[in-house]
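I opened the model to look up a few local features. My notes follow.

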Amino acid sequence: MKNTGHLIALILMILAGLTAEAQVNSTTSGGPWNSGGTWVNGFIPGPGDDVIINGPVQVTFGAACNNITVMATGSLTSSSSASWTLTVNGSIINWGSITDNIPANTRLYINVYSDIENHGIWQNFGVYACGVTDSYIGADQPFEMKQFYNSKSTANILALSSLTFSTTLINFNFTNLTFVYGYELHLENAAELRDISLGESTTLYGDGTTLLYNVSASLISFNGAHNIGQGCSFNEAYNYGLLQNYPTATAGVISSGVLVNSGEIRDNPVFGDLLINFSGNLDNEGVWTNHQLNATGSADQFIWGANPFEVDYLDHNNTSGDIITLGNVTFRGTNLRFYGRNLVSGGLNPLTTLEGPGNAHEVNFLLGGYTLHPDGSYYFTYCTFDNANVEGILNLGNQCVFTGNLVNSGTVRNVEASSYTTQILCDVYNNGTISDHPGSGTLITELSGSVMSNSGTWSNQQIHLMSPGDQAIFASSPIAAPFFSSLKSSGKVMVYSNCEFSGTQIDMNNDTLILAEGITLSLINNTVVNEAVILSFFTSSGLYMDGLGYLSNCTLGLPTLYGTVQFANNVQVTGGLINYGTLQNDPSDDRTASIQGDVKNFGSIGNHAGGGSLTLEITGDISQQGTSWQNSQTRLTGSQDQYVFLMNNTDITSQIRLYSMITAGSYLWHRDNMALTGSDPLFSGHDNTILTFLQPVGSIYSGDYQCITGNGDSRHITIQDMYSELILNVIVFLQGPFSGSGMMSATLNTGGQLPLSQPYNLPPWNYTGTENVASMPSPDIVDWVLLELRDAPDAASATPATIIAQQAGLLRTDGAITGLDGISPLSFPGLSVAYNLFAVVWHRNHLGVMSAVPLIENSGVYSYDFTTSGTQAFGGTLAHKQVAPGVWGMIAADGSADGQVNNTDKNEVWAVQAGSTGYKAGDFNMDSQVNNTDKNDLWKPNTGLSSQVPPY
């Protein structure tokens with residue numbers, strides 16, 4: 001016994017106080033309680049006597065005493081004739097043995113009204129704590145009685161030592177057994193603990209054979225192994241051993257505070273389930289595999305732990321609070337049944353991992369942008385995911401909904417063998433996979449957010465756009481869903497990055513798809529588009545097809561076509577059309593397309609080789625400079641004057657028909673004011689509303705055509721042979737000579753220092769042009785510059801491999817780059833653009849710049865002003881410098897022309913030329929003198945800057 005000194009002192013006080021009551025000692029030979037020979041001096045003890053047992057004493061009828069001590073040489077048993085009860089009105093201390101009469105098969109019952117202490121063998125049938133006041137119990141040897149009852153209706157028992165009960169049924173009538181000073185309770189050999197409240201803090205040990213039934217505790221620690229029966233309730237519980245239900249029965253536990261498992265909590269492997277109702281919090285640092293956890297609190301409840309919860313069911317019946325996971329929490333094989341309530345991710349970098357097989361049903365996952373990681377054998381039904389970051393494999397069943405934002409880095413798919421629809425009411429960013437289950441079944445996604453972004457694999461069966469407002473598509477990876485449709489009630493679909501659909505049936509239900517500047521929409525692998533309005537407000541944006549799919553019932557706005565584009569039924573074009581690829585009908589039938597605006601052909605227009613024909617009705621001008629134009633018919637149906645430009649001697653072999661567009665009684669077509677006749681072999685319909693050209697349209701058809709009718713004259717239609725010429729109107733400032741007044745100084749020119757031949761025939765430019773002047777055409781000339789043109793799909797792709805032309809020009813003080821006359825812009829004859837045109841400006845001691853976006857053409861003139869914004873140069877504010885408020889110029893001090901401002905420019909250029917005058921690379925401010933101003937004002941603040949022109 002750890003601490004029983006105060007009980008021993010109590011006994012000594014009782015023994016010393018026998019002047020009031022008698023002390024009766026048994027003989028060492030003992031005997032029956034009611035025999036005088038059993039007692040020293042023959043005195044049989046009564047209810048008020050203190051008794052010392054020195055020998056073997058058998059309890060008989062009516063045995064009673066006040067306090068009793070069984071000495072080491074003594075024993076108490078029941079009579080050999082019957083089972084009897086010993087009534088102890090005070091305390092009992094055992095140093096010997098207390099047992100039933102085993103040979104006689106009779107039982108000993110003891111009623112104790114005060115304290116109990118054991119240092120020997122205690123194996124009788126029943127001990128009953130009686131009385132109306134609190135009492136004490138202590139022992140350093142196990143209690144092995146069959147029953148230990150607290151028969152007090154209100155009073156409690158306090159343990160003054162650790163206690164061990166073996167084979168004992170302990171029933172406390174729902175009163176307290178309280179352990180103080182850290183003492184422990186040990187249960188062994190099928191001991192049972194029933195109808196008891198363990199007060200304050202209790203440490204409980206079990207050997208796996210014991211049962212707890214209707215046990216409650218405010219703070220308890222479990223060690224060893226315990227079988228839990230019904231009605232157990234704990235406020236704060238710590239398990240370091242094994243907790244399980246009693247074999248063959250289902251049991252329930254109530255936890256109202258925190259339940260911390262550092263051992264094992266499980267169902268009994270024999271049979272039955274362990275159910276835990278918790279209104280507080282859970283922490284798992286061990287093994288947790290019982291049948292069911294049921295959250296029953298009325299406020300937020302928290303779950304955390306380093307090890308997975310492997311329970312069969314986690315039910316959320318908390319009607320007022322949420323279940324909040326703290327940190328990284330794993331549920332393995334757990335069915336979550338939340339009845340529409342919340343599972344919230346919290347703590348530091350939370351991660352909720354779900355490992356199957358299992359199901360989440362009616363769970364609102366409030367993830368806060370943190371990660372949900374299911375393993376692919378887990379599935380979800382009637383769940384909501386708010387601000388989800390998905391990893392792993394998310395199998396979606398009935399009525400799953402995403403809100404907030406969805407970031408997918410894993411796999412989102414349907415539950416196998418069925419088809420399900422998922423509502424994504426938020427922006428979705430797919431960096432992983434959204435697909436149908438590879439086994440079977442399909443996934444339908446309904447997108448109502450404002451952003452659809454795909455940089456992974458997106459191939460589920462159907463994608464429906466549902467937002468009532470504008471929706472944006474960013475797709476650096478192909479969208480390969482078999483069906484893509486718009487079910488929007490309003491708003492448009494905005495494509496903000498190059499976007500590819502592969503093998504998709506697109507049905508836009510006449511909704512509008514708008515391509516942002518510089519964007520290409522690619523439709524490949526039998527992609528078909530139906531009832532779409534595809535608009536582009538920039539010629540730098542385009543539509544690419546591979547000739548396997550087609551457009552049907554579509555309206556295109558200002559399209560630029562690449563690849564092989566096929567028109568089916570009822571295609572209309574507004575704003576004109578630019579073709580760099582092949583335009584043809586789909587092979588199913590004859591097709592007619594209406595084009596409102598100009599048509600510029602740099603590629604091929606024709607009939608499909610597999611069958612059918614293509615007819616174009618064009619209201620604007622035609623520019624033919626492509627490889628061929630040979631569709632069945634091309635009809636000019638405009639209401640204003642129209643032009644047909646045959647660029648570089650390219651013919652149109654399509655049958656051209658001119659429509660007068662006037663309803664009248666008489667018609668007569670004229671060419672260059674001369675009336676046509678029916679005998680002209682080039683035409684038919686000279687006196688009809690339609691004039692048909694009978695031969696390929698080339699130079700033989702050049703001229704002006706007009707139909708004179710009974711209701712007036714038609715518009716003019718002019719056919720003209722031309723050579724293509726690009727005119728560049730480019731404005732750029734140099735930082736060095738910029739004066740701060742919106743102009744540059746021309747000191748080198750006025751001082752006679754400028755060379756008369758272009759200076760870029762040296763490395764790194766190696767330009768072989770022979771541009772030269774007899775004298776500078778104007779005092780406003782600042783210097784020579786080299787203008788370079790690149791033809792590429794976008795700015796990042798405009799590498800040196802895309803250069804199509806270079807030309808040296810003269811830079812004026814107002815920033816204009818001119819030809820050799822100092823007035824006219826540079827022109828590039830015989831040049832065509834396949835993709836987009838980008839301008840690069842080089843100068844001998846300034847960092848080169850390239851246009852950030854493609855140059856815009858207007859009536860054959862391409863214009864660009866680098867000076868108006870920090871974003872005008874590719875690379876933004878890293879590429880050029882603000883030389884005045886709102887004014888930007890090329891960065892000075894690259895004297896070595898290596899694309900960088902560094903020590904080479906100072907040491908190998910400026911320092912070598914310092915003190916000299918003239919046309920010098922080290923003269924960064926271009927005032928004809930190389931001095932400290934060049935170094936301190938320009939080189940020093942620009943050190944570390946470099947050109948952003950690809951590939952720099």
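I looked up strand pairing first. Strand β47 (residues 471–475) runs parallel to strand β49 (residues 493–495), with three bridges joining them. Gln471 stands opposite Val493 in β49. Strand β44 (residues 451–454) also runs parallel to β47, through four bridges. Here Val451 stands opposite Ala472. Strands are DSSP runs of E, at least two residues long, numbered from the N terminus. Two strands pair if DSSP finds at least two bridges between them.

I noted the source too. This is a predicted model, where local features need pLDDT of at least 70, side-chain atom pairs count only at pLDDT 80 or more, and totals for chains, interfaces and linings use all residues. Residues are numbered from 1 along each chain as its sequence is written, and side-chain values use heavy atoms, leaving out hydrogens and water.

Next I checked burial. Is β47 enclosed or open, and why? Four of its five residues are buried (under 20% relative accessible area, 1.4 Å probe, protein chains only), so β47 is largely enclosed by the rest of the structure.

Then I turned to Gln624. Gln624 is in strand β65 (residues 622–624). Gln624 is buried, with a relative accessible area of 1%. I listed what Gln624 touches (heavy atoms within 4.5 Å), not counting residues up to four places away in sequence. Among them are Asn601, Trp629, Phe645 and Asp651.

Methods: Buried means under 20% relative accessible area, exposed over 50%, partly exposed in between (1.4 Å probe, protein chains only).
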